[in-house]
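User: Please take me through the structure shown below, one question at a time, and finish each reply on the value or name I asked for.

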Amino acid sequence: MSEIETVQPVKVIYCQVCTFPVEYCEFGKLFKKCKTSLESTNPELYESMYSDSAKPQGSSLSAEREAKMTESLAKMQLKEERKLEREMEELQKSKVLIKRIQRTKHKAVISIAGLEVFGVDMKSLAKTFASKFATGASVTKNAEKKDEVVIQGDVGDEVEAYLTGILAEKGMVNVKVEQVSEKKPKKKASTT
Amino acid sequence: MFKKFTKDDIHTRSNVKSSIQRALKSKLVAQYPKLESTIDDILPKKSQLVLYKCEDKIQLYLIDNEVVFFQQFDELIPSLTLVHKYPDAFPSVQVDRGAIKFVLSGANIMCPGLTSAGAKLPEEPLEKETTVTIYAEGKQHAMAVGKLLMSTDEIKSVNKGIGIELFHHLGDGLWMYHE
């Protein structure tokens with residue numbers, strides 16, 4: 001077991017979808033996806049693991065229990081798939097709200113809400129805006145306790161263009177980016 | 001332990017002093033003697049160890065943003081990535097195929113899963129409270145890390161109830177944690 005010389009670390013191949021070592025994919029929640037991704041990234045390994053000749057090695061379970069387990073696993077995976085689908089749909093439906101809030105007659109701030117569902121780092125986004133537009137930009141919590149980026153200055157159009165850009169980069173082309181303007185700052189913020 | 005673990009659970013991050021790092025190193029070797037030959041690869045002398053103090057007094061030790069090991073009380077527990085790299089360095093047990101599903105959802109390991117046909121307990125008896133890595137039937141790599149609640153002899157004789165308390169498993173909060 002143990003060598004006296006320095007032991008080289010073992011290289012484990014991790015699945016790119018579920019992050020488990022590939023042999024555990026079948027117990028993961030996204031087995032089907034794991035399989036397809038492995039097939040494209042590492043066809044040799046895929047062949048050795050999932051081809052018909054390589055059937056489960058020496059399971060001690062009775063056939064009945066094995067079947068039961070596979071069934072429950074399949075159920076779980078199906079559930080997870082549905083859940084993901086639903087989430088994706090939700091994501092497509094959600095929209096980003098860019099709000100122009102008038103401070104005085106000629107001054108306005110822009111607040112961006114509804115970004116958190118896309119996994120955008122708000123803090124760094126505020127920073128990029130601050131340097132991009134050379135204004136103050138910060139992350140604040142709105143009435144619904146959700147983060148939003150507030151930028152000083154009337155930069156709504158530029159923000160919209162920028163946001164659609166980064167969202168498209170993430171593969172969410174259909175997301176609506178909406179601009180509204182608001183006269184009184186105390187109006188309730190609406191995030192959908 | 002890491003069923004739910006997110007960035008919010010990290011309270012402070014700090015760099016570990018090199019003197020303390022040395023002490024940790026010797027402690028790690030004392031706990032897992034087989035690590036001795038590779039300890040310099042795991043904790044290189046010049047590396048900067050980072051300590052994350054988290055919820056429930058859990059402390060994570062990271063190098064290059066990768067959790068190497070963690071501790072809750074006194075015991076140092078290797079993370080699964082470390083176990084995968086140096087599988088022979090830690091005491092291990094094996095569970096049968098039927099148990100994999102439950103272990104991967106974070107269940108403690110029951111004795112029957114350790115004594116049945118597909119399972120393996122190490123030949124030399126392990127004491128109670130030993131930190132063990134958990135392997136699965138037909139699989140090559142470790143899938144969890146836990147602590148023996150009974151000695152292996154007891155597990156064999158009693159064969160009932162919880163045998164291993166699970167700390168860390170594939171797919172838990174710590175496994176999923178990435179900066």
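**Strands, helices and single residues**

Analyst: In strand E4 of chain A, the bridge partner of A:Thr140 is A:Glu148. This is a predicted model, and what follows should be read in that light.

User: How many bridges join E3(A) to strand E4 of chain A?
Analyst: Strand E4 of chain A covers residues 147-152 and runs antiparallel to E3(A). One of the pairs is A:Thr140 with A:Glu148, the latter in E4(A). The number of bridges that join the two strands is five.

User: Which strands stand at the edges of the sheet in chain A?
Analyst: The sheet is open, has five strands with mixed pairing, and follows the order E3-E4-E2-E1-E5 in chain A. An edge strand here pairs on one side only, and that description applies to strand E3 (137-141) and strand E5 (176-182) of chain A.

User: By what angle are neighbouring strands of the sheet in chain A turned against each other on average?
Analyst: The sheet in question is the open one with the order E3-E4-E2-E1-E5 (chain A). With direction ignored, its neighbouring strands are turned against each other, on average, by 25°.

User: In what order do the elements of chain A run from the N terminus on?
Analyst: Chain A has five helices and five strands. Read from the N terminus on, the elements of chain A run α-α-α-β-β-α-β-β-α-β.

User: Is the packing of H1(A) with H2(A) roughly parallel or oblique?
Analyst: Helix H1 (residues 31-41) and helix H2 (residues 43-50) of chain A pack with their axes 6 Å apart and at an angle of about 130°. Angles over 145 degrees count as roughly antiparallel, those under 35 as roughly parallel and those from 65 to 115 as roughly perpendicular, with the rest taken as oblique. The angle therefore makes H1(A), with respect to H2(A), oblique.

User: How do the residues of the contact of H1(A) with H2(A) divide into nonpolar, polar and charged?
Analyst: On the side of H1(A) the contact is made by A:Lys35, A:Leu38 and A:Glu39, while H2(A) brings A:Pro43, A:Leu45, A:Tyr46 and A:Tyr50. These residues divide into five nonpolar, no polar and two charged.

User: How far apart are the end C-alpha atoms of residues 74-104 of chain A?
Analyst: UniProt, in an unreviewed entry, places the feature "coiled-coil region" at residues 74-104 of chain A. In the model this span is 65% helix and 26% strand. The distance between its end C-alpha atoms is 60 Å.

User: Which residues does A:Glu80 touch, not counting residues up to four places away in sequence?
Analyst: A:Glu80 is found in helix H3 of chain A, residues 63-93, and is partly exposed, with 15 other C-beta atoms within 10 Å. From A:Glu80 to A:Leu30 the C-alpha to C-alpha distance is 7.2 Å, although the two are 50 residues apart in sequence. With residues up to four places away left out, A:Glu80 touches A:Lys29 and A:Leu30.

User: What percentage of the residues in chain B is buried?
Analyst: Chain B has seven helices and ten strands. Within chain B, six of the eight residues of strand E10 (residues 162-169) are buried, so this strand is largely enclosed by the rest of the structure. Over the 179 residues in chain B, the buried part comes to 39%.

User: Which strand is joined to E10(B) by five bridges?
Analyst: The open sheet of five strands in chain B has mixed pairing and the order E6-E8-E9-E10-E7. Strand E7 (residues 109-110) is joined to E10(B) by two antiparallel bridges, with B:Ile109 opposite B:Ile164. On another pairing, B:Lys147 stands opposite B:Glu165 in E10(B), and B:Gly146 has B:Leu166 as its bridge partner. The strand joined to E10(B) by five bridges, running antiparallel, is E9 (residues 144-148) of chain B.

User: Is B:Gly118 buried or partly exposed?
Analyst: B:Gly118 is found in the loop between helix H5 (112-115) and strand E8 (131-136) of chain B. A residue needs 20 or more other C-beta atoms within 10 Å to count as buried. B:Gly118 has 18 such atoms within 10 Å and is therefore partly exposed.

Key. Residues are numbered from 1 along each chain as its sequence is written. Chains are lettered from A and ligands numbered from 1 in the order in which they are written. This is a predicted model: local features need pLDDT of at least 70, side-chain atom pairs count only at pLDDT 80 or more; totals for chains, interfaces and linings use all residues. UniProt positions are given in the numbering used here, feature names are shortened, and annotations may be inferred rather than shown by experiment. Helices (H or I, at least four residues) and strands (E, at least two) are DSSP runs, numbered from the N terminus. Two strands pair if DSSP finds at least two bridges between them. Axes are lines fitted to C-alpha atoms, for helices over the stretch in contact, and angles run from 0 to 180 degrees between N-to-C directions. Two residues are in contact if their C-beta atoms, placed from the backbone, lie within 7 Å. Ala, Val, Leu, Ile, Met, Phe, Trp, Tyr, Cys and Pro count as nonpolar, Asp, Glu, Lys and Arg as charged, and the others, Gly among them, as polar. A residue is buried if 20 or more other C-beta atoms lie within 10 Å of its own, exposed if 12 or fewer, and partly exposed in between; C-beta atoms are placed from the backbone.
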